[in-house]
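Visitor: I would like to go through this model with you, one question at a time. Could you bring it up first?

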Amino acid sequence: MEHGKKILMIVMDGLGDRAVKSLDYRTPLQCARKPNLDWFASNGTSGIMDVIAPGIRPGSDTSHLALLGYDPYKVYTGRGPFEAAGVGLVGKAGDVAFRCNFATVDSRFNVLDRRAGRIKEPDTTELAKALDGMNIGDIKVVVREATEHRAVLMLQGRDLSPRVSDADPHALTTVQTSRPLGPDAARTSEAVNEFVRRSYEVLNDHPVNERRASEGLLPANILLPRGAGVFPDIQPFPERYEMSASGVAGVSLIRGICRVCGLEVIEPPGCTGGMDTDMEAKTCAALKELDRKDFVLMNVKASDVTSHDGDPSRKIETIERLDGMARIIRKDMPEGTVVALMADHCTPVELGDHSGDPVPLTIYTENSIKDGTMSYDEVSCARGALGRIRGMDLMPILLDKADRAEKFGA
Ligand code: ZN
Ligand code: ZN
């Protein structure tokens, strides 16, 4: 029992679907040509999985927490901290993070543009630097640029609360005064208001904005926080499961989930999380990572992107590309690996958004019982020997298949 097997968790984002009318009431998975995904189903054990609970529509963030074995109802504290971790800011338990927009305001704090003329890097990098490291009383301010006009704000200090309202008005009106929404939140809302005021002072005559003005561009003269969330008190994954672990993901939010859970995040070049992501490079990176780690989670976003677009034929094409990924894994995985194929939620093409349907799941290892499932799809997996499980059941099952589970009793 000393050396358990390695575990490779492949999350094909938004892969599951419903019966699609234009596909003769079959699902995209049922229509796609995918011999390698089917090989895993034929040689593994399958089932379906309610990633959060039956009928609950997961976000990609809450679903990944559940797949890693954390109860999202306990540890999901809002998007703020996971977005912050996505750009590399991982706070301590109790630190409060916000998603922010660089915006344009007039001198009376009326919002003229919520995206500051679609500002992006490197301007936002410099402006974030100008705000980073500010102190508000004994509260430390950390600011990082994110994609396009976005940034994240983290407040570090004692007795902070995420129960504060947004300063971002979400419309072209006056900047809102952040208000406490719970007891003990006044200190935090006052810090948010002070930060917003000072962000205007620092940014309004910043050289970047003077240059933008001379080029006829809108200044990014304020940073507007929203969506406060507190960094959860989470037992790091490697400690919890006694496994070294990495996450390979192109999407910032998924990287954030991995980082908050204590996984090392690998960012192979060319892996963007969009449709242009180099799936092969990513798969090779994940397999290479598996050489030195016990556990690797790999998220592939393309299937969710095409599902949101609502075009069944493009989703089928994406599945056939995912099959190429499965071919590489089948060929190159280290001997004795436990491979789990799943989606983090269904994104039915006709709905164009996430649904609460269960997702297909296959767990393969050399000595899996072959349960007669011949195809990796929603219908075939539903007849598999794993039955119907919840996302939080997955890690214990994988640990058992990897000969890593502790015995209960004598
Ligand atoms: Zn997702
Ligand atoms: Zn989605």
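Visitor: What geometry does the site of the zinc ion (ligand 1) have?

Guide: Bear in mind that this is a predicted model. The angles among the four donor atoms run from 103 to 122°, and four donors count as tetrahedral if all angles lie between 85 and 135 degrees. The site of the zinc ion (ligand 1) is therefore classed, by that range, as tetrahedral.

Visitor: Which residues coordinate the zinc ion (ligand 1), and at what distances?

Guide: In sequence, the donor residues follow the spacing D-x46-S-x283-D-H. They are Asp13 and Asp344, each through OD, Ser60 through OG, and His345 through NE2, with distances of 1.9 to 2.0 Å.

Visitor: Is Asp344 buried or exposed?

Guide: A residue counts as buried when its relative accessible area is under 20%. For Asp344 that area is 0%, so this donor is buried. His345, with a relative accessibility of 1%, is likewise buried.

Visitor: How many Å separate the zinc ion (ligand 1) from the zinc ion (ligand 2)?

Guide: The model also holds a second zinc ion, ligand 2. The separation between the zinc ion (ligand 1) and the zinc ion (ligand 2) is 4.8 Å.

Visitor: What radius of gyration does the chain have?

Guide: The chain, which contains 15 helices and 14 strands, has a C-alpha trace spanning about 70 × 55 × 35 Å along its principal axes. Because the chain has 410 residues, a compact globule would be expected to have a radius of gyration near 22 Å. The chain agrees with that expectation, at 23 Å.

Note on methods: Residues are numbered from 1 along each chain as its sequence is written. Chains are lettered from A and ligands numbered from 1 in the order in which they are written. This is a predicted model: local features need pLDDT of at least 70, side-chain atom pairs count only at pLDDT 80 or more; totals for chains, interfaces and linings use all residues. Side-chain values use heavy atoms; hydrogens and water are left out. Donors are N, O and S atoms within 2.8 Å of the metal (3.2 Å for Na, K and Ca); water is not among the atoms, so sites may look incomplete. Four donors count as tetrahedral if all angles lie between 85 and 135 degrees; four count as square planar and six as octahedral if opposite donors are over 155 degrees apart and all others between 65 and 115; anything else is irregular. Buried means under 20% relative accessible area, exposed over 50%, partly exposed in between (1.4 Å probe, protein chains only). Helices (H or I, at least four residues) and strands (E, at least two) are DSSP runs, numbered from the N terminus. The radius of gyration is taken over C-alpha atoms; the globule rule is 2.2 Å times the number of residues to the power 0.38.
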